[in-house]
Amino acid sequence: MDRLFEDIFGTAAPAGGGVRQGLPTYFLPLDVREGESGYEIEAPVPGFKPEEVEVTFADGVLRIQAQHTEQSSQQQRGYLRKEIAYGNYQRSIHLPGDVKQEDIAASFTDGVLTVTLPKAPRPTPKRIQITERQKQLSNKS
């Protein structure tokens with residue numbers, strides 16, 4: 001049963017170096033598309049507010065973290081079945097070096113985070129002019 005739960009919701013990563021503190025952290029699923037002008041990443045983060053989601057990009061790695069800022073105490077108040085998993089979500093993804101970092105944008109619509117990462121233009125090859133070099137005569141006496 002634990003394995004089935006992990007297959008559906010992801011494996012909870014213990015916070016704090018192995019000791020669980022607060023809500024567990026789960027693997028955040030992503031869709032990544034590449035187009036001519038850049039990359040687009042979509043991540044479902046239902047139940048989170050935009051201010052609870054953090055997107056960072058450094059050294060070619062995009063990192064998305066969704067953390068609930070308030071601890072809610074869920075008591076077993078007459079539930080016949082309880083399937084909703086509460087926790088934090090996190091994902092890091094390495095991207096090619098052609099991302100134009102200063103133009104990365106993120107938006108949040110209907111519980112889906114969309115991150116747009118434009119590509120930097122590829123440098124065009126520069127033709128180098130070849131000139132003929134004159135031989136230098138050495139005067140030896």
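Two strands count as paired if DSSP finds at least two bridges between them. Keep that in mind for this predicted model, and let's work through some exercises.

**Exercise 1. Which strand pairs with strand 3 over seven bridges, and in which sense?**

Step 1: Apply the pairing rule, which asks for at least two bridges. Strand 3 and strand 8 have seven bridges, so they pass as a pair under that rule.

Step 2: Get the direction. The two strands run antiparallel.

Step 3: Pin down one rung of the ladder. Pro 44 has Val 112 in strand 8 as its bridge partner.

**Exercise 2. Work out how strand 2 is attached to strand 3.**

Step 1: Strand 2 covers residues 31-34, and four bridges link it to strand 3 in antiparallel fashion.

Step 2: Look at the connection. A hairpin of three residues takes the chain from strand 2 to strand 3.

Step 3: Find a facing pair. Arg 33 sits opposite Glu 40 of strand 3.

**Exercise 3. Lay out the open sheet of four strands.**

Step 1: Write down the order, which is 1-6-5-4, and note that the pairing is mixed.

Step 2: Mark the edges. Strand 1 (25-27) and strand 4 each pair on one side only, which makes them the edge strands.

Step 3: Add the twist. On average, neighbouring strands in this sheet are turned by 20° against each other, direction ignored.

Step 4: Find a parallel part of the mix. Strand 1 and strand 6 pair in the parallel sense over three bridges, and Tyr 26 faces Tyr 89 of strand 6.

**Exercise 4. Is Gln 65 buried or exposed, and what does its side chain do?**

Step 1: Place the residue: Gln 65 belongs to strand 5.

Step 2: Compare with the cut-off. Buried means under 20% relative accessible area, and Gln 65 comes in at 13%, so it counts as buried.

Step 3: List the surroundings. Skipping neighbours within four places in sequence, Gln 65 touches Glu 52, Val 53, Glu 54, Tyr 89 and Gln 90.

Step 4: Pick out the polar one. The side chains of Gln 65 and Gln 90 make a polar contact at 3.4 Å.

**Exercise 5. Now do the accessibility check for Asp 103.**

Step 1: Asp 103 is in the loop between strand 6 and strand 7 (105-109).

Step 2: Partly exposed is the band between the 20% and 50% cut-offs. Asp 103 has 36% relative accessibility, so it counts as partly exposed.

Step 3: Check what it meets. Beyond its neighbours within four places in sequence, Asp 103 contacts Thr 116 and Pro 118. The C-alpha atoms of Asp 103 and Thr 116 are 8.5 Å apart, with their positions 13 residues apart along the chain.

**Exercise 6. Which residues touch the most other members of the largest nonpolar core?**

Step 1: The core has 20 residues, and the top contact-makers are Ile 41, Leu 62, Ile 64 and Leu 117.

Step 2: Trace the suppliers. Strand 3 (38-44), strand 4 (53-58), strand 5 (61-66), strand 6 (88-94) and strand 8 (112-118) each give at least two residues to this core.

Step 3: Zoom in on Leu 62. Apart from neighbours within four places in sequence, its contacts include Ile 41, Val 55, Phe 57, Ile 93, Val 115 and Leu 117.

**Exercise 7. Sum up the chain as a whole.**

Step 1: The chain contains one helix and eight strands, in the pattern α-β-β-β-β-β-β-β-β.

Step 2: Of its 141 residues, 26% count as buried.

Step 3: The chain exposes about 11,500 Å², with carbon and sulfur atoms supplying 49% of that area.

Note on methods
Residues are numbered from 1 along each chain as its sequence is written. This is a predicted model: local features need pLDDT of at least 70, side-chain atom pairs count only at pLDDT 80 or more; totals for chains, interfaces and linings use all residues. Side-chain values use heavy atoms; hydrogens and water are left out. A nonpolar core is a set of buried Ala, Val, Leu, Ile, Met, Phe, Trp, Tyr and Cys residues joined through side-chain atoms within 4.5 Å. Buried means under 20% relative accessible area, exposed over 50%, partly exposed in between (1.4 Å probe, protein chains only). Contact means heavy atoms within 4.5 Å. Accessible areas come from the Shrake-Rupley method with a 1.4 Å probe; for residues, only the protein chains shown count as cover. A polar contact is a pair of N or O atoms within 3.5 Å; within protein, one must be able to donate a hydrogen and the other to accept it, and residues adjacent in sequence count only if both atoms are side-chain atoms. Axes are lines fitted to C-alpha atoms, for helices over the stretch in contact, and angles run from 0 to 180 degrees between N-to-C directions.
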